[in-house]
Structure formats: C-alpha cells, structure tokens
Amino acid sequence: MKVRSLREIRDLCINSFSECEEEVYRVYENIRRYENDLRAYITLRPLKEVLEDLKRSIERRGVLSGVLIAVKDNISTKGIRTTCASKILENYTPPYDATIVLRIKEAGGVIIGKTNLDEFAMGSTNETSYFGVSRNPWNREHVPGGSSGGSAVAVSAYMTHAALGTDTGGSIRNPASYTGITGFKPTYGFVSRFGIIAYASSLDQAGPMTRNVFDASILMDVISGLDPLDPTSVDHGVKSFSSYVEKVDPGFLRGKTLIMIKELWEGVEKDVVTTISSYLNKLSSEGLDVIERSLPEASYALPAYYVIATAEASSNLARYQGILYGLMKDVENTHWSYYMSKVRSEGFGKEVKKRIILGSHVLSVGYYEQYYIKALKIRRILRDKIRDMLRDATAIVSPTTPFPAPKIGDTSKDPMLLYLADMETVIANLIGGPAISIPAGFVRGLPIGIQLTSIPGRDLDLLMLARASELKTGLYNLLPQEAV
C-alpha cells in the first residue's frame, strides 16, 4: 500500500475529490477491519459527517485540506465528547475547541475521532482506560504504550493520516516507540495548552504523532505559536518548520555531535542497546559524532517527575467532584463530603486514585519540603546541567524506552514496569525541552524507537536532525504487515 505524506494527501484532495474520497474510504476500511480488535478510538465520527467536512476543507485550500486528524480524548473538541478515558467524564461534551483543534480545522484538517488513552493520561501502556485496552498493531498480545496509545495505534495501522497526543512524561514518545511511528514533544509553551484537560500543568505538552518527521513539522507549522488564551504559550519565531525540514538530507548529520548520558543506558535491555548502537553506527558513517558523558543526577529524574506530576494531578483533578464537573448523583439528604467521596470513588479508576493520594501526601504539611521542594530543586539542577552539556552538541541520544512493548497484563503483575517505561523520557518534560522519538529498528518483531532530546527552543534543530537520520536509515513510513 502506498503511504502518502500529508502534503501528498493535501495535493491529491485539492486536485481530485473522487481520489480524495477513495483515500478516506481506505482509512475507514482499515478501521472497519481492525478497530474491534485494536480499540484505537473512544469516539469515531460517522463516515458521512467526515465526508461533508471533507468537501468544506477542500474549498478552504489550507495546508491540511483533506487530511484526517485523530485527536487524543483529553483534548477538547466542540460537539464531540471528551472523556479523558474516565467514567467521571463519560458523557462530557465540550462547548468549545482547544486552540490546537481550532487551528487544525482552520488549516483544513478534518477531525476523524477521539482516541483512547490511559485514564487522565496517567500510564505508559494504555491499560488504565475506562473504555478498554488498546492493542499494538504489530503484535496484539502487547500494549501500544501510553498514554497516547490510541493515537499511536490509529497512525500505525493507517486508521488516520496523523494524530495529536499529549506528553506529560513521555506519553507521545513512548507509544510512538512501541508502534513504529514518529512522536514529537515540543518545547513547553510552543504549543498552546488551552482546551487540553490538565494532568500536570507544568509538564503537559501537546504534539504531533505522524508517520515521518516531515509530517510532524507540517503539523507543528499549524498547531504551534503564541495563543492569547494560554499565558504560558510563547512566540517561537519560526515561520515554517516544514520549509527547513523539507530541504534536509543525510549530509546534515556531518559535523553534528550527539551525547550519550551513561546513566540513561543503565537498565536498558541488551537487545535494545544493540539495535540503537547499530542505528547510531549508520549515522556515524555520515560524519556524526557520538560522545559519552556522565550525569549522576539523571538517576533522580524519575522520582522527581512522579513527585511533581502527582502533586499537580491531585490539585488539577480536585475539580471533578460531581458539583461543577464530572459524574452527577442524587444529592438529596446527602452530606456534601459523603457525596463528593462517592462521586470520586465511583468515577476515578485505580491508577488515578493512587496518583491523587500520592500527590496529596507529598503536598501535605510535614512532607512538602521533604518531597515536593526537593523534586523542584532536582528539576532545576537537571535543567542547568543539561544546558551546560549541550553548549557544544546538538542533542542527547538514548533509547526511547528501556524495553520493547510489554505484553498486556505484565504491568499489573509488576507495577514498577509501568513507571520504569518512562525512565528515558521524563527529563525532557522536567527541563521543558523538545524531544522526538523515531523508529530505530525491531526487537523480537516489535518496533523500538531512538530518542533525541535538547534544551528549550531547539525544536527546529531537533526536527532537522531527526529527518536527516530517518532519511539515512530509511526507517520511516513503517506499516504493520496487516495494514496494507
């Protein structure tokens, strides 16, 4: 099956509506064949509605005209329910679009549906969703990763042209690695968070999930930039990421330097190390340098991340108490504390409750300085050390995940597996920098990704480096055998 880039799909749709329809039918045929098994979507829009939007999008002649975009179900979509994969928001339909959804529509993109995720984006396997587990299209006994697992599955199995995800500690890059696609977490503030339902506000960042780096840069052109509705958003000053990325060839790698942080390779499965090393050797033949450095503080990143993330989650999720938001119950003759307890007990899943309790504990009197303040100090130390480290290098390189996608159910037997899956990715969120995962090969028939991380503001450099790498290795536009 020919895999078209977003630009090719756009040009196809502008030139021929019948061929554009045929392309959309092909996507819906894949959904018909695989969705019952893979469960990528929580809400899928009917084909008839999508085709009507398609006509309007082609008339608009935007950069995404005719392109189908799947949206993670913690991003608000006007008139389409937004559940966060939780019972507590099962029937919530937002009256407005998130800024990134609005920008997608204005560029001609058509929203095809809302994708599955770990409940409130809390997880690394997509097994905590109230709507059921998503499965990896490369091997259905395995997870697709999380929390943006549904978006990754939809892109990987060609059940959409591209998708939006959110990344709090690796939630775009982790599933991108497990399913053989590209996942990009931009610099914090480069993409508006208005309309994205918060998990951990200082860490959350939306970004593109696509079949290759060039497509990711096209989506960045559309969704990024200053938003008056989000005071944390910034004007990044790049007029067009895609115009730079489009011109890149493997020669871009010559003279560039990547840093391997020794501590990020400890605990990584041997086969993953071998595969990533082989990938780097191919890049080195083009003139890329890879050097090793030590950053002992990296071992504190994961505990610091979970302290900060759970603390912010306990605060953000306090609003879901059945009065202003969330599951509603009969309040007659019920004390308010009992009522709220009942709503939250019924509405939240086990993983969400665990993180709320942990977050409340680290913020409580007596433990605030012991845990939360220390975590913030580690965050600052990591940011300063990595900024110094990257003065003379382009990026940090590491595996995206320490192992290939686990089997479904393995994390319930060993909960630490769930948290260790994020050990390579959380640093980018803590320092607010950009990071990207691109396919690096296969281990036991499952895709694994290589991750490039940099300091805030270097998004364009990172995209260009990743594009040159995928062109050198030819590992992009991958399709599971069945999705052809």
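**Close-up 1. A salt bridge within helix 17, with E470 as one partner.** In this predicted model, E470 is buried, with a relative accessible area of 0%. Its partner in a salt bridge is R467, and the closest N and O atoms of the two are 2.5 Å apart. R467 has 14% relative accessibility and so counts as buried, the limit for that class being under 20%. Both residues belong to helix 17 (residues 459-473), where they sit three residues apart, about one turn of the helix. As a general point for newcomers, side chains of opposite charge can pair when their charged atoms come close.

**Close-up 2. D53 and R56, a salt bridge in helix 3.** Here the closest N and O atoms of D53 and R56 are 2.5 Å apart. The two residues are separated by about one helical turn, because they are three residues apart in helix 3. D53 counts as partly exposed, with a relative accessibility of 21%. There is a wider setting to look for as well: R45, E49, D53 and R56 are joined into one network by salt bridges that share partners.

**Close-up 3. Helix 2 packing with helix 3.** Staying with helix 3 (residues 47-60), this view brings in helix 2 (residues 17-38). The two pack at an angle of about 145°, and their axes are 11 Å apart. Helix 2 passes helix 3 in a right-handed crossing. On the helix 2 side, the contact is made by F17, C20, E21, V24, Y25 and Y28, while helix 3 contributes L47, V50, L51, L54, K55 and I58. Sorted by class, this contact has 10 nonpolar residues, two charged residues and no polar ones.

**Close-up 4. Helix 13 and its buried residues.** Helix 13 (residues 368-389) has 22 residues, which at 1.5 Å a residue should span 32 Å; its end C-alpha atoms are 31 Å apart, in agreement with that expectation. Look along the helix for its buried residues: Y372, A375, R379, L382, I386 and M389. These buried residues pack against several elements, among them strand 7 (257-261), strand 8 (289-293), helix 10 (301-316) and helix 12 (350-363). Strand 9 (395-399) and helix 16 (426-431) are also packing partners of the buried residues.

**Close-up 5. The salt bridge of R383 and D384.** The side chains of R383 and D384 meet in a salt bridge, at 3.7 Å from N to O. R383 counts as partly exposed, at 31% relative accessibility. D384 counts as partly exposed too, at 34%. To place this pair in the whole model, the count of salt bridges comes to 24.

Key. Residues numbered from 1 in each chain as written. Predicted model: local features only at pLDDT ≥ 70, side-chain atom pairs only at ≥ 80, totals over all residues. Heavy atoms only, no water. Axes fitted to C-alpha atoms, helices over the stretch in contact; angles between N-to-C directions. Helix = DSSP H or I, 4+ residues; strand = E, 2+ residues; numbered from the N terminus. Left-handed = near helix turned anticlockwise from the far one by under 90°. Contact = heavy atoms within 4.5 Å. Nonpolar A, V, L, I, M, F, W, Y, C, P; charged D, E, K, R; others polar. Expected span 1.5 Å × (residues − 1). Buried < 20%, exposed > 50% of the residue type's maximum accessible area, 1.4 Å probe, protein only. Salt bridge = Lys/Arg side-chain N within 4 Å of Asp/Glu carboxyl O.
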